[in-house]
Amino acid sequence: MKYIHPFPARMAPEIALEKLKNLRAGQVVLDPMAGSGMVLSQAARNGIAAIGIDIDPLAELISRVGSTSVDENEVRAGLEMLLDRCQSEKDQVYLPWIDEDIKTKNFIDFWFAPKQKEQLRQLSFYLHAQPINVSEIVLSLLKVTLSRLIITKEPKASLARDTAHSRPHRTIHKNDFNVFGAMRFSLNHLLRALDASSIKLNARTYVGDARKLTVVKSNSVDCIVTSPPYLNAIDYMRGHRLSLVWLGYSLDDLRKIRISEIGAEGALNDTISSKFSDILHNLGLDLLECKSKYMLARYFSDLIRQTKEAYRVLKNNSKATYVIGNSTIRGIYIQNNKLLKLAGISAGFEVVHETTREIPDSRRYMPMMVVGNNLAKRMRTEHVIDFKK
């Protein structure tokens, strides 16, 4: 399967397809933590109505584009219009979220060389500040076309390596990459991977918080298939911000999103409740240092809030499937699956089934697992848990 945009972790397509196969036309599947949009993409190609939500604006953008049918000729015409404007117009390029914010400007100066920075400013101006006159979905495709040249394994539009795995580090100081010239190649890849003709029903996507599903009515969803961020495993925003600074977001905007995500390495500013202390004891986590206990308490609190919302929007006798991996904190093994099951039960769910899958080292939708890789130590298995309302 081809993907429209790099993403550091994806749900396995076979899991999404397995959970969607019993849905009928007219039924609705929800992914409240849509990520790369795998569930939405599979639903759209099977004619199943789908709703996707993600707090990460780039994830929402990728999900929307990957599950929406488009006219390829219209998209190609839009790209030519964009490139023509960038290379021929003499408009004053002003990007307020960058030009009025010294932290964002310094961030860009560090990660982007002058040639690419100038081209990206032009593209950003006509994609976001004063967008060209194309439909919203065409504009979204062009944004993903650009982002594909920034979120990469090897340096392209930026000076960073491993941005695609959310582990960017600057490995070069000069760059002759032609962003304008690469846009057509990027769009060609995107359109081939999208295969718009295979999409039978467009999904609906929203930027939003899975812990507060304001756009979803109570008892309105027939199925939930999702994968929560794994505690302290992947810092998605670390890589995505290199793209999002060209799509209208300042560094402060992205920092606020980053620290509010489920699974962020933050901590509650509260004491640990006796109930959660008992949970820690039952999971053999008494030896965790205090800061790590607070971080785990916040994660558990987020899971409770999310599963309560999932329970609210799901129809009676319907199922919610969660794919979650276990992790480690300072060498101590954390059974996130048990925390999730406790959260789901507290929301009112019944656990009806659970399977465990080894995460293959060569799996393409995960960063490569190698000896000594911290991520390899954190993520070795994933659990597929079915809840029933």
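Start with the whole chain and its contacts: among those between residues at least 6 apart in sequence, 77% join residues at least 24 apart. The model on screen is predicted.

**The whole chain**

Colour by secondary structure. The chain has 15 helices and eleven strands. Its radius of gyration is 21 Å, close to the 21 Å that the globule rule gives for 389 residues, so the chain is as compact as a globular protein of that length. Turn the view along the principal axes, where the C-alpha trace spans about 65 × 50 × 35 Å.

Now switch on the surface. The accessible surface comes to about 17000 Å², and carbon and sulfur atoms hold 49% of that area. Of the 389 residues, 56% count as buried. For the charges, select the 55 positive and 42 negative side chains; the centres of these two sets lie 3 Å apart.

**Two domains**

Colour residues 13–69, 199–228 and 265–388 as domain 1, then give residues 72–198 a second colour as domain 2. Taken over C-alpha atoms, the domain centres are separated by 30 Å. How many residues of each domain are in contact with the other? Domain 1 contributes 13 residues and domain 2 contributes 16.

**Helix α7**

Select residues 114–129, which form helix α7. The buried residues of α7 are Gln-116, Gln-119, Leu-120, Arg-121, Gln-122, Leu-123, Ser-124, Phe-125, Tyr-126 and Leu-127. Show α4 (72–88), α5 (96–99), α8 and α9 (179–194) as well, since the buried residues of α7 pack against these helices.

Centre on Gln-122 in this helix. Is Gln-122 buried or exposed? Its relative accessibility is 13%, so Gln-122 counts as buried, the cut-off being under 20%. Not counting residues up to four places away in sequence, Gln-122 touches Cys-86, Val-93 and Phe-180.

**From α5 to α6**

Move to Asp-101, in the loop between α5 and α6. At 18% relative accessibility, Asp-101 counts as buried. Leaving aside neighbours within four places in sequence, Asp-101 is in contact with Pro-96 and Asp-252. Add Leu-251 to the selection: Asp-101 and Leu-251 are 150 residues apart along the chain, while their C-alpha atoms are separated by 8.4 Å.

Next select Thr-104, found in helix α6. Thr-104 is buried, with a relative accessible area of 0%. Which residues is Thr-104 in contact with, leaving aside neighbours within four places in sequence? They are Trp-97, Ile-98, Val-245, Ser-250 and Leu-251. Leu-251 was also the partner in the distance from Asp-101.

**Helix α10**

Select residues 236–244 for helix α10. This helix is mostly covered, as seven of its nine residues are buried. The buried ones are Tyr-236, Met-237, Gly-239, His-240, Leu-242, Ser-243 and Leu-244. To see what surrounds these residues, display α3 (57–66), α6 (102–111), α8 (136–147), β3 (160–161) and α11 (251–260), the elements they pack against.

**Two residues with positive phi**

Most residues other than glycine have a negative phi. The next two stops have positive values.

Go to Asp-195, in the loop between α9 and β5 (204–207). The phi of Asp-195 is near 50°, a positive value in a residue other than glycine. Asp-195 is partly exposed, with a relative accessible area of 36%.

Then select Asn-317, found in strand β7 (residues 314–325). Here phi is near 70°, again positive in a residue other than glycine. Is Asn-317 buried or exposed? With a relative accessible area of 60%, Asn-317 is exposed, since exposed means over 50%.

**Last stop: Arg-357**

Finish in strand β10, residues 350–358, and pick out Arg-357. Arg-357 is partly exposed, with a relative accessible area of 22%. Select Glu-261 too and draw a line from C-alpha to C-alpha: its length is 25 Å. Along the sequence, Arg-357 and Glu-261 are 96 residues apart.

Technical notes: Residues are numbered from 1 along each chain as its sequence is written. This is a predicted model: local features need pLDDT of at least 70, side-chain atom pairs count only at pLDDT 80 or more; totals for chains, interfaces and linings use all residues. Side-chain values use heavy atoms; hydrogens and water are left out. Helices (H or I, at least four residues) and strands (E, at least two) are DSSP runs, numbered from the N terminus. The radius of gyration is taken over C-alpha atoms; the globule rule is 2.2 Å times the number of residues to the power 0.38. Buried means under 20% relative accessible area, exposed over 50%, partly exposed in between (1.4 Å probe, protein chains only). Contact means heavy atoms within 4.5 Å. Accessible areas come from the Shrake-Rupley method with a 1.4 Å probe; for residues, only the protein chains shown count as cover. Lys and Arg count as positive and Asp and Glu as negative; His and the chain ends are not counted. The place of a charge is taken as NZ of Lys, CZ of Arg, CG of Asp or CD of Glu. Domain bounds come from an automatic or database domain assignment.
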